[in-house]
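Hi,

Here is the structure I promised to pass on. My notes on its surface and its empty spaces follow below.

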Amino acid sequence: MKSIHPGPRRLFLHATLVVAALLCGCKPSETGPASTGANTTSGPIRIGEFASLAGSEAAFGQSSHQGTQLAIEEINKAGGVLGRQIELITEDNQSKQGESATIAKKLISRDRVVALLGEVASGRSIEAAYVCQAAGIPMVSPSSTNPKVTEIGDFIFRVCFIDKFQGELLAKFAQRTLRARKVAVLSDVSAPYSVGLAEFFTKPFLAAGGTLTAEQKYQTKDKDFRAALTAIKATEPDAIFVPGYYTEAGLIVAQARQLGLTIPIFGGDGWEAPQLIEIAGPALENTFYSTHYSPQVSSPESNAFTKAFQARYNGAIPDAMAALGYDSAKVLVDAIRRAGSTDPAKLKEALAATKDFAGVTGKTTLDAQRNATKGAVIMTVKDGKFLFVDTFMP
Ligand code: PHE
């Protein structure tokens, strides 16, 4: 049977719909004419999620989705919101450029979702944000840190810190902890996140008396970084800053060590994924990255989350993407509750008024730019395991 909704795989959380689909012998994506959703007052409240469940940053989407899914399950178990259950409709953009905008359009016009959750990578959040803003449907990014994401308009929110903060803390970390005066930067010109974080690091680093010995570039999906690393080696830096995603960062670290570069290499939250260790292994000694959350930092919310996450996902340990995916869903549903309605305009107002929402990654208060202010952690890798090093508060 040919699907009437071609496109990436959809995952349904609302079990009754899946059962209904099985009973009528058709695929889940064919059951739902867009008759419920944004403008109705009964039936499940539909929330859309777009995520990189496959492709070059699959670890981001899978982890974020697990956190989001757990939050929605908990909320539904506790009775839902406004007396209704929540249906999470998840679409996979396969880490591909262009796909998130298409998906956002479909979730809004076909599924009539009341809001969208996503993404991890800033570039893909930016794509969907234009669609959400034009349609007047709120979007909450769990973990996209590039400032541009929320600058797109008043319907776009995030529950994490932004890269101005992350760049500044990395500049401080390089100078104070690594004692690095001369740093080489190797950034991904095809990822807005990487371009932005390189800039947000460079400005405060130079202002505090540091120098850049080299500024080398690469593109997502590159595999061979030896020419750039050889050029960097010749400039004799104290450390190398790699503001990119784990797939390339892992290869960069491994190749740098092969070239005899034993100096510290550091990056931002884009490094975070178990795959980093699979790719680079022991080469990760003397590397560091900043991120939003570590389960090794204890708090009542974090401990409860880790326990629930492990029970739900076969003992898996949650990471920053999972924690922020979880918090983004809880913040959104709290806003639906306070709005007393799923009307997108009212929901937008309620989201903007989010104050001191206690989550796994700390308290979420959204400022006038619809960004959160939160602490960061620095992590390292020791004996093939991620290890918490330090906390940075804003
Ligand atoms: N902050 C990164 C971005 O904006 C995404 C990311 C968040 C990666 C958290 C890992 C952990 O692109």
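**Surface and empty spaces**

The protein has an accessible surface of about 15600 Å², with 56% of that surface belonging to carbon and sulfur atoms; areas come from the Shrake-Rupley method with a 1.4 Å probe. This is a predicted model, where local features need pLDDT of at least 70, side-chain atom pairs count only at pLDDT 80 or more, and totals for chains, interfaces and linings use all residues. Residues are numbered from 1 along each chain as its sequence is written, and side-chain values use heavy atoms, leaving out hydrogens and water.

Of the 394 residues, 58% are buried (under 20% relative accessible area, 1.4 Å probe, protein chains only).

Now the pocket (on a 1 Å grid over the protein atoms alone, an open set of points with protein on both sides within 12 Å along at least five of seven lines; lining residues have an atom within 4 Å of a point). The largest one holds about 380 Å³ of space, a volume being the space filled by probe spheres set on the points. Among its 15 lining residues, Ser95, Gln97, Arg124, Ser190 and Thr220 lie nearest the centre. Domain 1 (8-161 + 301-374) and domain 2 (164-291) both contribute to this lining, so the largest pocket lies between them; the bounds come from an automatic or database domain assignment.

There are also three cavities of 30 Å³ or more (sets of points where a 1.4 Å probe fits but cannot get out). The largest cavity has about 120 Å³ of space, and Phe60, Val120, Ser143, Asp269 and Gly270 are the closest to its centre. Both domains line the largest cavity too, so it lies between them.

Best wishes

Key. Buried < 20%, exposed > 50% of the residue type's maximum accessible area, 1.4 Å probe, protein only.
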